[in-house]
Each structure stands twice: as structure tokens, then as C-alpha cells.
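Q: I would like to learn how to read the features of a model like this one. Could we go through them one at a time?

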Amino acid sequence: QNFCSRLALACRICVLAVDYRLADEHRFPAAYDDSMAAFRWLVSHGPRSAKEEERATDLFVCGDSAGGGLALAVCLGATATIRTLLRGCISISGWLDMTASTPSYETRKWDAEKCFGD
């Protein structure tokens, strides 16, 4: 939540932090379902009131690591109408290559002897 609070302050925006269900305890697609439910709620309620229905505008979806992959999945899973409200997707160190085939998997691999890597 510290990251979300700092992001909100720095960008002067409203932020909704989603506490989605995590694997191993919860199997796929639990995290995706939770994220989509939160996104649909946000779209229909907007930033001014959690109780009144008011359409949100100018939405960004952001996530870090596995959450970065979820952020992209939420954007791609949104309906065409909802996508018109999206202004961007921020995937910070997102796990987006499920094939693990990009060169960085080898070039940035952890080296225990040198104590270097990602």
C-alpha cells in the first residue's frame, strides 16, 4: 500500500489497491477474477463515491511483478466499451512472457557466485 499511496500523492490521482487472492492457496483464475471484479466496480462507481454509481473516466491500470501481468490481463479482458475509458496500463517488472523465451531469462539470471542478477 505504500507504493499506491506514494503514486497517488505524486500523480495527484485516486488509487484503488486490490487485495486479490494469491496462488498457491487459490488456483487460477482467482486473482484474475478478483482483479476484474474490482475493475468493473471502479468503472461503475468512479472516484467520488463508493456508494453512488457514477461512471469513472481516465482509468490507468497498474501492477508490479505478477500484478503487472494481471494489469495487462485486466485491460485485455475488459469489454470494448470499458476499454474506451482506459488511458494506459503500467506493468512494472510484469511477468508477461509465459514462454520464458526472451534472452533476458539467460542474460539476467541470478549468479550465486557473483551475487548478481535479477
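Q: Is arginine 87 buried, partly exposed or exposed?
A: Relative accessible area decides such a case, and the partly exposed class lies between 20% and 50%. Arginine 87 has 43% relative accessibility, so arginine 87 counts as partly exposed. Bear in mind that this is a predicted model.

Q: With which residue does the side chain of arginine 87 meet in a salt bridge?
A: For a salt bridge, one looks for a side-chain nitrogen of Lys or Arg within 4 Å of a carboxyl oxygen of Asp or Glu. Here the partner is aspartate 58, with an N to O distance of 2.8 Å. Arginine 87 sits in strand β2 and aspartate 58 in the loop between α2 and β1, so the salt bridge ties together parts 29 residues apart in sequence. Aspartate 58 is likewise partly exposed, because its relative accessibility is 46%.

Q: How many salt bridges does the count come to?
A: The count comes to 2. One of them joins aspartate 34 to arginine 21, with the closest N and O atoms 2.8 Å apart. This pair links distant parts of the chain: arginine 21 lies in the loop between α1 (2-11) and α2, aspartate 34 lies in helix α2, and the separation is 13 residues. Arginine 21 counts as partly exposed, at 35% relative accessibility.

Q: In what order do the elements of the protein chain run?
A: Reading starts at the N terminus, and the order is α-α-β-α-α-β-α. That comes to 5 helices and 2 strands.

Q: Which residues have the most contacts inside the largest nonpolar core?
A: The general idea is that nonpolar side chains tend to be buried together in soluble globular proteins. In this model the largest nonpolar core has 13 residues, and those with the most contacts inside it are Phe39, Val43, Leu59, Val61, Ile82 and Leu86. Helix α2 (30-45), strand β1 (59-64) and helix α3 (66-77) are the elements that give two or more residues to this core. As for the whole chain, 24% of its 118 residues count as buried.

Q: What is valine 61 in contact with, leaving aside its neighbours within four places in sequence?
A: Leaving out such neighbours keeps the list to residues further off along the chain than four places. For valine 61 the list is Phe39, Ala71, Cys75, Leu86, Gly88, Cys89 and Ile90.

Q: Which residues make the nonpolar surface patch?
A: Phe3, Phe60, Ile90 and Ile92 make a patch of about 370 Å². Isoleucine 90, also a contact of valine 61, belongs to strand β2 (residues 86-92). Its relative accessible area is 37%, so isoleucine 90 is partly exposed. Over the whole protein chain about 9000 Å² is exposed, of which carbon and sulfur atoms supply 56%.

Q: Is serine 35 buried or exposed?
A: A polar residue is read by the cut-off that applies to any other, and buried means under 20% relative accessible area. Serine 35 has 10%, so serine 35 is buried. This residue lies in helix α2. A polar atom of its side chain lies 2.9 Å from the backbone oxygen of alanine 31. Beyond four places in sequence, serine 35 is in contact with Val18, Tyr20, Leu70 and Val74.

Key
Residues are numbered from 1 along each chain as its sequence is written. This is a predicted model: local features need pLDDT of at least 70, side-chain atom pairs count only at pLDDT 80 or more; totals for chains, interfaces and linings use all residues. Side-chain values use heavy atoms; hydrogens and water are left out. Patches are made of residues with over 30% relative accessible area and no salt bridge: like charges are joined within 9 Å, nonpolar side chains (Val, Leu, Ile, Met, Phe, Trp, Tyr) within 5 Å. Accessible areas come from the Shrake-Rupley method with a 1.4 Å probe; for residues, only the protein chains shown count as cover. Helices (H or I, at least four residues) and strands (E, at least two) are DSSP runs, numbered from the N terminus. Buried means under 20% relative accessible area, exposed over 50%, partly exposed in between (1.4 Å probe, protein chains only). A nonpolar core is a set of buried Ala, Val, Leu, Ile, Met, Phe, Trp, Tyr and Cys residues joined through side-chain atoms within 4.5 Å. Contact means heavy atoms within 4.5 Å. A polar contact is a pair of N or O atoms within 3.5 Å; within protein, one must be able to donate a hydrogen and the other to accept it, and residues adjacent in sequence count only if both atoms are side-chain atoms.
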